[in-house]
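This note is addressed to a colleague who is meeting the structure for the first time. Its points take up ring pairs, charges over rings and one serine in turn.

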Amino acid sequence: MTSSPSVPPAPAARAVLGLGLAALGRPGYINLGHAQDLTDARDPLALRDRAHAVLDAAWDAGVRHFDAARSYGRAEVFLAGWLTGRGLTRADVTVSSKWGYAYTAAWRTQADRHEVKEHSADHLERQWPQSRAVLGRWLSLYLTHSVTPDSGVLDDPHLLARLAAMRAQGVTPGLSLSGPQQAEVLQRALTLRVEGEPVFGAVQATFNLHERAAAGPLLAARAAGWRVYVKEGVANGRLTARAPAVPPPLARVAQRHGVTPDAVALAYVLAQPFADVVLSGAATVAHLQSNLTARDVTLTAADLDELAALQEPGAGYWATRAALPWN
């Protein structure tokens, strides 16, 4: 495998950290240690309070970008309640959400299926009004969730026209990506037009020290004026102290900088020239605070060279991710 070239840090303070609510809106998720995080907060009211506490800590630390999805259990409702309680307006925050999956676990940690994917026009017509009803006062970006080559989204003219029409309502349509073909999907999406205008204006992709395949298309998206969000910067906990074994290069760089492994992993993503917003997926205030220290870490060329060894083949990375248990 050929490692990606080291990328020098981007100009200070260009990329920012945001907060994603995938691990805060429902009792089960695939992040390592999620069960440990939510031991005392699995009923809806307790999980709402936990979500609000993490949102409070994020706001107090200067975080202004918040991401949810229809399939994140009650994440949209928890976020809307917090925004209302804080008295925040659309001018204060950037809120994104996603359609395309339905939450099906019925508030259980163990379920046959936690979410079901459907990228049909009919499903959009069901979920778009639901998101608008909950988050419409704040919603800036609405993404098609986890687009893959077999989704059919990019080949459906009616659906693409419906997505493009969201711009007239002040919402930028985008797509989130998942799987080993992220790069190919994004390259195709960048070419799509409706009545001569681009369909999409935002993308949310997985990029981290293990999975770097989408870097080129993400640069192209940024150059085209898209807003670029990066998710899973700590690889669902594999690039944190919770990993069964912290990768030695990551441990060494973290020790040199006097920070935790997750801070180094997120600092690496923040340094990418395509990144606008890097999402923390923290489910506790303590983990959020640890993530936030990434903003103060500047990786050296020697650090980047050492961390290059952590890149994994795409197929292997996504197979490992698919095997992570819901907990």
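Over the face of which residue does R74 lie, and at what distance from the ring centre?

1. R74 lies over the face of W107, and the distance to the ring centre is 5.1 Å. Please note from the outset that the model is predicted.

2. A second arginine deserves attention alongside R74. The charged end of R64 is placed over the ring of W59, 3.4 Å from the centre of that ring. W59 also takes part in a cluster, in which ring pairs link it with F66 and W82.

3. Across the whole structure, a search finds nine aromatic pairs. One of them joins W128 and Y142, whose ring centres are 4.8 Å apart. The planes of these two rings stand at 55°, so the pair is classed as tilted; an edge-to-face pair would need an angle over 60 degrees.

4. The pair formed by W128 and Y142 links distant parts of the chain, with the two positions 14 residues apart. W128 belongs to helix α4 (residues 121-135), whereas Y142 belongs to strand β6 (residues 139-147). Both residues are buried.

5. The last point concerns S290, which is located in helix α10 (residues 285-292). Is S290 buried or exposed? Its relative accessible area is 15%, so S290 is buried, given that the limit for this class is under 20%. Leaving aside residues up to four places away in sequence, S290 touches T260, D262 and A263.

Definitions and conventions: Residues numbered from 1 in each chain as written. Predicted model: local features only at pLDDT ≥ 70, side-chain atom pairs only at ≥ 80, totals over all residues. Heavy atoms only, no water. Helix = DSSP H or I, 4+ residues; strand = E, 2+ residues; numbered from the N terminus. Buried < 20%, exposed > 50% of the residue type's maximum accessible area, 1.4 Å probe, protein only. Contact = heavy atoms within 4.5 Å. Phe/Tyr/Trp six-rings, centres within 6.5 Å; stacked < 30°, edge-to-face > 60°. Lys NZ or Arg CZ within 6 Å of the ring centre and 35° of its normal.
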